[in-house]
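Please find below a short note for a colleague who has not seen this structure before. The points are numbered and can be read in order.

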Amino acid sequence: MTTSEKTASSQTMNNVEAVRATLYEALKNDDRVVILGEDVGARGNVFLITKDFIDEFGPTRVIDTPIAEASIVGIAVGMAMEGLRPIAEIQFADFIYPSFNQIVGEAAKTRYRSNGEYTCPLVIRTPYGGGVRGALSHSVSIEALFYHVPGLKIVAPAFPADVKGLLNAAIDDPDPVLFLEHKKTYRLIKGDVPNGHYTIPIGKANVLKEGSQLSVVSYGLYVHWALEAAQSLEAEGVSVEVIDLRSIRPMDRSAILQSVEKTRKLLVIHEDNKFGGIGAEISAMVAEEALFSLDAPIRRLCAPDVPAMGYAETLEHEFMSSPAKMAATMRDLARF
Amino acid sequence: MLLQRQLDNRGFQLNRQGKVPFALGSEGHEALQAGAALAFERGKDILAPYYRDLGLCLGVGMTPYEIMLSIFARAADHNGGRQFPNHYSSKKLGILSFSSILAAHIPHAVGAAYAIVYRAEKGRAVLCTCGDGTTSEGEWHESVNFASVHRLPIVFLVENNLWAISTPIEKQMAQPEIWKRAAGYGIPGKRFDGFDPVETYACVKEALERARSGGGPTLLEGVCYRFLAHSTDDNDMTYRTKDEVTENRKSDPVPRFEAQLVEAGVLSEEEASAMKRAVLQETNDATDRAEAMPFPSATDLYENIYEGAWQPWQ
């Protein structure tokens with residue numbers, strides 16, 4: 001793609017702008033789409049993602065709900081069962097717990113329990129993740145609480161172009177999708193986003209950087225830090241392959257296995273706790289499918305097994321990883 | 001009403017014969033559900049029922065054969081033998097699918113009512129039912145609140161049978177007249193005798209017509225009684241007395257309504273007997289037909305998880 005083509009066919013935007021642009025197009029192009037959540041109307045969402053939507057599309061399509069997360073999702077389930085395409089917002093992922101049953105017990109099982117008669121084409125968007133001084137209740141990662149659940153899809157894009165492609169795919173999807181947006185990447189991460197409608201298939205990982213000595217699998221904010229760390233190791237002659245998972249369920253198992261079979265070493269990096277996290281499933285899967293391809297024990301670089309990151313900078317810092325910590329672990333594993 | 005009772009009994013009989021692992025009754029709810037079903041407009045309204053609504057689902061068009069398929073967990077059951085019996089679902093009849101989790105279906109009903117308004121579909125409403133115990137759930141409140149804010153076309157019908165498995169109403173709520181909560185939501189509320197099908201019909205019809213014509217939600221409370229234990233796995237004599245049940249049986253709505261009809265000259269005793277014989281025959285036929293049907297195949301376990309083929313992790 002030449003520079004001029006790029007200008008004509010794409011725009012530079014950050015992740016929050018990519019979410020906003022995609023939601024806008026969805027409202028514009030599909031009458032069945034409604035957005036509901038706390039403060040999505042007059043306020044335009046706490047990150048201004050839906051700013052002014054209510055003026056253009058009206059309060060019937062951009063619904064300021066009461067503060068009641070279980071029914072935000074539950075009402076969206078009913079709308080979806082009756083043919084609408086609701087996009088429910090949980091203001092912060094930390095607030096999703098009251099709606100746990102509606103997601104796990106209802107949305108994810110609607111198709112299954114009715115043997116395909118009723119379906120639940122629903123998107124639940126929510127900002128997650130730390131590094132923003134969000135304290136205990138504005139910084140959690142929730143993916144491991146939900147990825148155990150068949151019937152649900154979970155997406156966690158890291159780049160603006162993926163945000164748009166995967167959010168479009170989620171809205172088009174005939175099944176419920178939990179769409180996770182890392183809030184620290186909202187304004188931090190910019191990139192080219194193609195114009196027009198396009199989708200990126202849910203369940204497909206992306207090899208961001210090819211390498212030969214070690215495979216790193218990550219998603220969300222940490223993909224950016226892992227990439228930075230991997231690039232810094234090039235100078236030392238350490239060749240790291242970086243895979244952006246993009247979708248957590250379904251998970252692109254073949255992309256992980258292919259990479260591990262090539263590099264023979266695996267490091268999984270995520271912001272969520274280590275115990276029972278996504279890395280545990282990836283490690284178990286690689287151990288089952290490719291143990292004899294491995295030249296070193298699988299490593300996981302994840303949050304410690306504590307309830308949450310604290311508000312104090314020291315506590316947040318201790319909980320979070322960093323490009324330097326990631327580089328050190330990569331170096332260590334490459335040398336094994 | 002007769003058919004509901006006969007099918008209820010059949011479920012319990014089949015369980016006691018060891019033919020089915022579980023059955024759930026609705027005895028005592030017949031009048032309430034017959035009255036409500038008559039007020040429901042087939043082909044237009046949406047029903048969001050709960051598991052005690054056998055009569056309501058029969059009343060809006062479900063057949064005894066479908067009920068028996070569900071009791072026997074056969075492949076042709078509306079849920080493909082996946083859910084417990086009495087977990088009705090029929091897109092054709094406007095019956096929303098629901099789970100066993102109490103109050104989880106109330107927001108779905110509200111979402112469906114929202115869809116009706118959103119598409120500007122005139123003359124349609126949602127009838128959403130639940131038991132008294134369900135009104136303790138947070139989602140019940142959240143849903144009635146949202147529906148009231150948006151004045152949605154929905155009727156919340158609480159079938160108050162005074163028992164939530166073993167928990168009596170006085171342990172469920174300090175103020176036992178559920179309809180009075182309507183004032184807190186700024187919507188009309190009404191309590192009626194759920195043993196009286198005619199009064200039920202009038203109340204539900206009035207509320208549904210208000211909903212269909214843009215008048216917003218109504219909270220209705222029909223008072224009835226649960227004559228049977230919660231299910232075949234429950235023993236109600238561990239928490240209530242035989243005397244209490246016997247006392248309530250004196251007002252059993254099924255023989256009471258029959259006597260009223262005979263006295264009014266609408267029904268002769270011969271006709272009543274013939275109806276009972278016909279209902280027994282219908283139940284027997286449905287039982288035999290359903291029992292002869294195959295179970296789902298084991299590989300059905302892997303179907304309808306997502307759209308299209310899905311390869312589960314093994």
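**Notes on the model**

1. Helix H2 (residues 30-39) of chain B has 8 of its 10 residues buried, so it is largely enclosed by the rest of the structure. Buried means under 20% relative accessible area, exposed means over 50%, and partly exposed lies in between (1.4 Å probe, protein chains only). Helices (H or I, at least four residues) and strands (E, at least two) are DSSP runs, numbered from the N terminus. The buried residues of H2(B) are B:Glu30, B:Ala31, B:Leu32, B:Gln33, B:Gly35, B:Ala36, B:Ala37 and B:Ala39.

2. The model is predicted: local features need pLDDT of at least 70, side-chain atom pairs count only at pLDDT 80 or more, and totals for chains, interfaces and linings use all residues. Residues are numbered from 1 along each chain as its sequence is written, chains are lettered from A and ligands numbered from 1 in the order in which they are written, and side-chain values use heavy atoms, with hydrogens and water left out.

3. One residue of that helix, B:Glu30, belongs to a network of salt bridges together with B:Arg5, B:Glu27, B:Arg249 and B:Asp252. A salt bridge is a side-chain nitrogen of Lys or Arg within 4 Å of a carboxyl oxygen of Asp or Glu. Within the network, B:Asp252 and B:Arg5 meet at 2.5 Å, N to O. B:Asp252 sits in the loop between H10 and H11 of chain B and B:Arg5 in helix H1 (residues 2-16) of chain B, 247 residues apart. B:Asp252 is buried, with a relative accessible area of 7%, and B:Arg5 is buried at 11%.

4. B:Glu27 and B:Arg249 form another salt bridge of the network, at 2.7 Å from N to O. This pair also links distant parts of the chain: B:Glu27 is in the loop between H1 and H2 of chain B and B:Arg249 is in helix H10 of chain B, 222 residues apart. Is each of these two residues buried or partly exposed? B:Glu27 is buried, with a relative accessible area of 4%, whereas B:Arg249 is partly exposed at 30%.

5. B:Ser251 lies in the loop between helix H10 (242-249) and helix H11 (253-263) of chain B. Its relative accessibility is 27%, so B:Ser251 counts as partly exposed. Neighbours within four places in sequence aside, B:Ser251 is in contact (heavy atoms within 4.5 Å) with B:Phe195 and B:Arg256.

6. Over all chains there are 34 salt bridges. One of them, in chain A, joins A:Arg125 to A:Glu181, with the closest N and O atoms 2.6 Å apart. A:Arg125 is in strand S5 (residues 123-128) of chain A and A:Glu181 in strand S7 (residues 177-182) of chain A, so the pair ties together parts that are 56 residues apart in sequence. A:Arg125 is buried at 1% relative accessible area, and A:Glu181 is buried at 4%.

7. Aromatic pairs number 16 over all chains. Rings of Phe, Tyr and Trp (its six-membered ring) pair if their centres lie within 6.5 Å; planes under 30 degrees apart count as stacked, over 60 as edge-to-face and the rest as tilted. A:Tyr24 and A:Phe57 are edge-to-face, at 5.5 Å centre to centre and 65° between the planes. A:Tyr24 is partly exposed at 25%, while A:Phe57 is buried at 14%. In chain B, B:Tyr114 and B:Phe146 form a tilted pair, at 6.2 Å centre to centre and 50° between the planes. Ring pairs also link A:Phe47, A:Phe92, A:Phe95 and A:Tyr186 into a cluster.

8. The contact between the chains takes 48 residues from chain A and 41 residues from chain B. The area buried between them (accessible area, 1.4 Å probe, that two parts lose on being put together, summed over both) is about 3,800 Å², and carbon and sulfur atoms give 58% of it. A:Glu82, A:Tyr112 and A:Arg113 supply 19% of the area that chain A buries against chain B, more than any other three residues. How many salt bridges are there between chain A and chain B? The count is 0.
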